Amino acid sequence: MSTATLPTSSEQQRPRRRPASRSGSVRRIPGTVLIVLLVAIEVLPLLWLLMNSFKSQDEFLNAPTWALPRELNLQNYVDAWVTGNIGQYLGNSVVAVFPALALMLLLGVAAGFVLEVMVFRGRGGILLLFLAGIMVPGQMILLPLFSVYFQAGITGSLWPLIITYTATGLPLTVFMMATYFRAIPREVFEASTLDGASIFRSFFSVALPMARNSIVTVGLVQFFFFWNDLLIALTFTNSSQLRTVQVGLLNFTGQFGATQYGPLFAAICINVFGILAIYLVLNQRIMAGLASGAVKG
Amino acid sequence: MNKVLGDRRAIALLLGPALLVYTLVMLIPVVWSLGYTLFEGNAISGFEFVGTDNLVRLFTDPRVAEALRFTLLYAVIITAGQVLLGYLLALFYVFVLRNRGSVVRTLVFFPVIIPTVAVALMFQKLFEVAPQTGPVNALLNVFGVASIDWFGSPVSAIVVLVIMDLWRSMGFYAVLLYTGLLDIPDDIMESARLDGANGWRMVRSIVLPLSLPVLLSSIIFSINGTLKVFDSIVALTNGGPGTATTPLTLYMFQTSFSYGEYGYGASIALLLTILCLIVTVFIFRSSRRDVTKG
């Protein structure tokens with residue numbers, strides 16, 4: 001690609017640059033304003049959220065909404081956790097998400113390995129079959145699954161969630177892992193085979209350690225998909241004891257009758273700032289992982 | 001070599017479980033769901049064969065037309081907004097912040113991973129009218145404008161929905177497009193700069209043409225996601241006021257689980273799937289090269 005063919009216009013005859021020392025500081029002003037604006041747009045709503053989680057019901061109804069809380073009262077958090085059952089819902093989410101995550105990674109990584117490294121007829125077709133699953137909307141599988149889970153008598157447990165998450169996470173996992181394994185030179189596996197390793201040995205001792213970073217990234221991406229899911233959780237949690245944290249939050253006001261603002265804000269805060277804690281540690285990996293999942297998907 | 005790398009027993013052991021789970025929980029239900037379109041009833045009361053009644057109803061139901069219209073409207077507005085805003089942010093990251101922008105990028109990305117339900121409840125309270133006047137209305141009052149009942153009319157409800165979805169997703173598209181912009185070779189930019197291209201001229205003649213592929217895949221990814229929108233709408237407006245903000249996904253959910261009409265729900269799901277399929281065909285036609293390159 002050549003840029004020499006760009007048409008030259010008359011304005012380019014004029015001096016192109018002002019003295020660098022002046023323009024450097026002057027040109028930074030709009031940039032700084034934009035940065036401040038951007039940070040304000042992101043942070044102010046969250047700060048307001050946090051501030052409100054300490055207010056009493058009286059302050060919500062009688063004080064301006066931007067007033068600071070009168071005291072740093074943690075009662076709202078206690079109410080949200082105990083009366084609002086957020087503690088129990090968080091527990092349900094953990095019990096549903098982590099086994100599904102582990103199972104899905106185990107199955108998906110092995111399948112991605114086979115589809116990319118091993119040689120057999122029809123592997124392109126199977127990869128495409130998995131790929132098609134990324135496109136299918138959840139609504140298309142909910143009704144048959146609900147019927148089956150109902151017939152099987154497991155609707156009163158978290159099993160429907162674990163099973164459904166495992167399966168719906170597979171397409172993206174298989175596809176992302178296949179892409180990662182493609183980046184490992186084939187010679188690596190040919191060498192380990194020549195050295196006498198069985199395919200299982202190659203998988204566990206060569207492929208897995210080499211793909212460890214990728215597996216963590218895929219797991220992280222899928223964790224957020226499972227943890228933030230509402231559709232599947234809403235469909236299969238038919239009793240209040242089974243609610244995941246998202247479903248519980250959606251029905252939160254129902255726990256108290258009328259809207260109790262303080263506990264509601266506390267419940268939202270538990271949700272938001274819990275995720276923030278993970279994000280503070282792993283943000284670069286999360287950003288890269290989600291972006292690569294999107295481009296590939 | 002091929003004996004080991006083509007070992008059928010190993011293939012079956014490593015690939016089999018994933019394929020089995022995937023087939024049982026996704027592929028078979030898709031076909032099964034197709035079958036449901038010919039029946040009416042639900043898991044608890046049993047089913048009755050009704051032939052093509054559901055499909056006929058699909059084409060005559062004004063609520064389906066309304067939901068389809070809203071789904072498309074939402075997909076177009078949000079996709080345009082997400083990609084445009086994301087692209088502007090990405091340009092901002094590359095040309096203004098340069099290498100100092102890591103903290104800003106990380107901050108703007110954060111809402112992407114906050115649970116949608118939490119974001120939606122927060123926006124409900126931000127735009128609330130009564131009993132508490134939310135910050136947005138309080139701000140309007142400061143400027144002498146009367147409070148607006150944001151969730152009382154379809155147009156204003158959609159406005160809040162759009163603001164919320166852009167707030168939570170712009171950081172994602174910004175990072176996505178930012179990585180695309182970084183792939184533009186420095187020497188091309190440098191030689192354009194030496195040729196006198198600056199600012200807008202640089203964006204239009206160099207940056208835009210060279211980031212077209214990643215821009216295109218962002219648009220397609222965004223449409224594919226917005227067509228399936230569910231949780232943000234359920235949590236923010238629950239389809240209201242009335243049915244004004246009910247997309248196909250939510251209408252399907254209500255039909256199936258509130259009214260217990262599995263057959264008709266499956267028919268709406270089929271319509272939604274066909275819609276997504278059309279978009280996916282575009283994905284393959286436009287990104288074929290990139291997929292093989294991996």
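In the predicted model described here, the secondary structure of chain B comprises 14 helices and 2 strands, where helices (H or I, at least four residues) and strands (E, at least two) are DSSP runs numbered from the N terminus. Residues are numbered from 1 along each chain as its sequence is written, chains are lettered from A and ligands numbered from 1 in the order in which they are written, and, the model being predicted, local features need pLDDT of at least 70 and side-chain atom pairs count only at pLDDT 80 or more, whereas totals for chains, interfaces and linings use all residues.

The C-alpha atoms of chain B occupy a box of roughly 80 × 75 × 30 Å along the principal axes. The radius of gyration of chain B, taken over C-alpha atoms, is 24 Å, against a value near 19 Å for a compact globule of 294 residues, the globule rule being 2.2 Å times the number of residues to the power 0.38. Of the 294 residues of chain B, 44% are buried; a residue is termed buried if 20 or more other C-beta atoms, placed from the backbone, lie within 10 Å of its own, exposed if 12 or fewer do, and partly exposed in between. Among the contacts in chain B with a separation of 6 or more, 69% join residues 24 or more positions apart, a contact being a pair of residues whose C-beta atoms, placed from the backbone, lie within 7 Å.

One such long-range pairing involves Thr79(B), a residue of helix 4 (residues 62-97) of chain B that is buried, with 21 other C-beta atoms within 10 Å. Thr79(B) and Thr226(B) are 147 residues apart in sequence, yet their C-alpha atoms are 7.2 Å apart in space. Beyond its neighbours within four places in sequence, Thr79(B) is in contact with Ile219(B), Ser222(B) and Ile223(B) as well as with Thr226(B).

Between the chains, 80 residues of chain B are in contact with 83 residues of chain A. Helix 2 (residues 8-36) of chain B supplies the largest share of the chain B side, 16 residues. By class, that side holds 57 nonpolar, 19 polar and 4 charged residues, with Ala, Val, Leu, Ile, Met, Phe, Trp, Tyr, Cys and Pro counted as nonpolar, Asp, Glu, Lys and Arg as charged, and the others, Gly among them, as polar.

The largest nonpolar core, a set of buried Ala, Val, Leu, Ile, Met, Phe, Trp, Tyr and Cys residues joined through C-beta atoms within 7 Å, has 159 residues, of which Ala111(A), Phe113(A), Ile268(A) and Ala174(B) touch the most other members. Helix 4 (residues 86-117) of chain A gives the most to this core, with 16 residues. Outside its neighbours within four places in sequence, Ile268(A) is in contact with Leu49(A) and Leu249(A), and also with Ala118(B), Leu121(B) and Met122(B).

In helix 9 (residues 199-210) of chain A, the buried residues are Ile199(A), Ser202(A), Phe203(A) and Ala207(A). Seen down the helix axis, these residues fall within an arc of 95°, so they line one face of the helix, the arc being that of the directions from the axis to the C-beta atoms. On the other side of helix 9 of chain A, Ser205(A) and Pro209(A) are exposed.

Two asparagines, neither of them a glycine, adopt positive phi values, of about 65° at Asn85(A) and about 50° at Asn238(B). Asn85(A) lies in the loop between helix 3 (75-82) and helix 4 of chain A and is buried, with 21 C-beta neighbours inside 10 Å. Asn238(B), in the loop between helix 12 (231-236) and helix 13 (248-258) of chain B, is partly exposed, with 15 other C-beta atoms within 10 Å.

Conventions: Contact = placed C-beta atoms within 7 Å.
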